[in-house]
Amino acid sequence: MKKPERAQEGRMGFILAVLACLVPFLALVWASSRYYFNYPHADEWAFIHLIEQAWNGPIPWAEFYQPYNGHRLFLPQAVLLGLVRWTHWDHRYPVAANIALGACIFGLAAFLLARSTRRAGGTCPWAAFPVLSLLVFSLSQWTNWEWGWQIQIWMAVLAVYAGLAVLSVERLCGWHLLLAFLFGAAATYSFAIGAMFWGGAFVALAMRHFRGEPRRWLYLLAWALASCVLYGLYAYGYEQAEAQSASRLIQANPLKIAAYGVIYIGAGLTYFRPWAAPLVGFAGLVFGIWAHIGLWRARRVPASALAPFTALMCIAAASAALTGMARARPAVGGIWQAVNARYFTISSLYWVGVIFLLALVMQKEPLGIGWGWAHPWRRRLGGVALMMVAACALLSSRQGYFNMDEHYKVYTPEVRRMIVQELTEVPPRVRNPFAYTFPNELAFIKKQQLSIFRPDAEQRWREASGK
């Protein structure tokens, strides 16, 4: 093919890919504008005590820094407090921030995919970008999209992508290491997945160190020391109830954690058929391991190209194991608790790595991803696998939309009743049904005209009820 024809084909592929990527994003924006949580929900009622303290003066450091459900939410809470103060807790703003962070995540993931494929000697995989868009903007993550409180997950995941993007530059130097350290700290103090970033980043550095690049023991040592310091700070003052102790579960039955992890990895793509999560999760894990063995043996793909995606897959797997330590107990829900929409944003990290590996499979020239892949059917099989990922992501997104609609129909009347009937306690559906009824918190947001009691918001709620 002549160069002008190649350029024309590349431009056309770019335009089609951009248009296809916009469809899931626009669908997300439309659904979010209709179904977002425009009231305090569940954990947000416990957050009101910090809002009240911020309203009356500086928040004590110990109060602001203390863990919440195993997470250090320092940065997300600071952002949310700023938005509450600025907007009188208009819930549209944190939801818009979630979508903006998701768009940044997609941009970084697409950048890494294009850069790594080019470094591997392949052509830009335009067909992979719409699949990536379906995955990142999937409505199966509806809880994380529509609930402003979940900004913590989006902030942590974006910091993970940014840190790995910095560590996978072609010529790594000390400044890159320092910047990645800052991104890692931001991820750590946004959500617990940040604690997994340090191990995944160490894997990425080690891959570059031991395969095809100048050996820099100082970088590995510096990263290990930085990880220890951050873990030490994270653990300072950290307390966990004995009933939720991870070590007790490991001693009792470690196979539960493995089963939980497999379901966790596959659940995001099988939200429409949760029973298939173990099958899809196991297939994804097998393919990832097999492809990495083949690439490592073939020595065709530079370590700096493969490292960020290997790290993403490791982080997702480690997060699955960490969550399983606390959630796989029968009292919490057992191994099937992994089929929870809140986890799909994290488990999607693994499938971003799978998409990159499939993009290598679909190259015209085999890149040594495994034994026997020089066969003419190689590209077709890779394309079929990519289409299967896209189909599962699309069907799971459809199921997420149905869940959003159901949640809206069930919860909205409860919020309206709380306003119109001027209840003094929060209805069980709106808060955690096993939690405190939050009469003081409800009285505070009424007094300060926050959230649903902002004059414009309260008027809309009353008009919708006909009063």
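Contacts in this chain mostly reach far along the sequence: of those between residues at least 6 apart, 76% join residues at least 24 apart, a contact being heavy atoms within 4.5 Å. The model is a predicted one, in which local features need pLDDT of at least 70 and side-chain atom pairs count only at pLDDT 80 or more, while totals for chains, interfaces and linings use all residues. Residues are numbered from 1 along each chain as its sequence is written, and side-chain values use heavy atoms, with hydrogens and water left out.

The chain has 19 helices and 0 strands; these elements are DSSP runs numbered from the N terminus (helices H or I, at least four residues; strands E, at least two). Of its 467 residues, 52% count as buried. Here buried stands for under 20% relative accessible area, exposed for over 50% and partly exposed for anything in between (1.4 Å probe, protein chains only). About 21500 Å² of the chain is exposed, and carbon and sulfur atoms supply 65% of that. Such areas come from the Shrake-Rupley method with a 1.4 Å probe, and for residues only the protein chains shown count as cover.

Some of that surface is a nonpolar patch made up of Met 12, Phe 14, Ile 15, Leu 16, Val 18, Leu 19, Leu 22 and Leu 26, with about 730 Å² of accessible area together. Patch members have over 30% relative accessible area and no salt bridge (like charges are joined within 9 Å; nonpolar side chains, meaning Val, Leu, Ile, Met, Phe, Trp and Tyr, within 5 Å). One of the members, Leu 26, sits in helix α1, residues 3-35, and is exposed at a relative accessible area of 51%.

Moving on to helix α18 (residues 439-448), its buried residues are Glu 441, Leu 442, Phe 444 and Ile 445. Looking down the axis of α18, these fall within an arc of 160 degrees, so they line one face of the helix; the arc is taken from the directions from the helix axis to the C-beta atoms. Their cover includes α2 (43-56) and α17 (377-420). On the face turned away from the buried side, α18 carries the exposed residues Asn 440 and Lys 447. After α18 comes Gln 449, with a positive phi near 55 degrees.

As for charged pairs, the whole structure holds 6 salt bridges, each being a side-chain nitrogen of Lys or Arg within 4 Å of a carboxyl oxygen of Asp or Glu. In one of them, the side chains of Lys 409 and Asp 405 meet at 3.0 Å, N to O. These two are 4 residues apart in helix α17, so about one helical turn separates them. Lys 409 is exposed at 55% relative accessibility, whereas Asp 405 is buried at 18%. Helix α17 also holds Glu 414 and Arg 417, 3 residues apart, about one turn of the helix. They form a salt bridge too, with the closest N and O atoms 3.2 Å apart. Glu 414 counts as buried at 17% relative accessibility, and Arg 417 is partly exposed at 30%.

Over in helix α19 (residues 455-464), Arg 460 and Asp 456 are 4 residues apart, again about one helical turn. Their salt bridge has its closest N and O atoms 3.7 Å apart. Both ends count as partly exposed, Arg 460 at 42% relative accessibility and Asp 456 at 38%. The pair belongs to a network of salt bridges that links Asp 90, Arg 92, Arg 454, Asp 456 and Arg 460.

Aromatic rings come up often, with 30 aromatic pairs found in the whole structure. Rings of Phe, Tyr and Trp (its six-membered ring) pair if their centres lie within 6.5 Å; planes under 30 degrees apart count as stacked, over 60 as edge-to-face and the rest as tilted. The rings of Phe 37 and Trp 142 have centres 6.3 Å apart and planes at 65 degrees, so this pair is edge-to-face. Phe 37 lies in the loop between α1 and α2 and Trp 142 in helix α7 (residues 142-146), so the pair ties together parts 105 residues apart in sequence. Both residues, Phe 37 and Trp 142, are buried. Tyr 436 and Phe 438 make another edge-to-face pair, at 5.1 Å centre to centre and 65 degrees between the planes. Tyr 436 is partly exposed at 42% relative accessibility, while Phe 438 is buried at 8%. Finally, Phe 25, Phe 106, Phe 137, Trp 145 and Trp 154 form one aromatic cluster.
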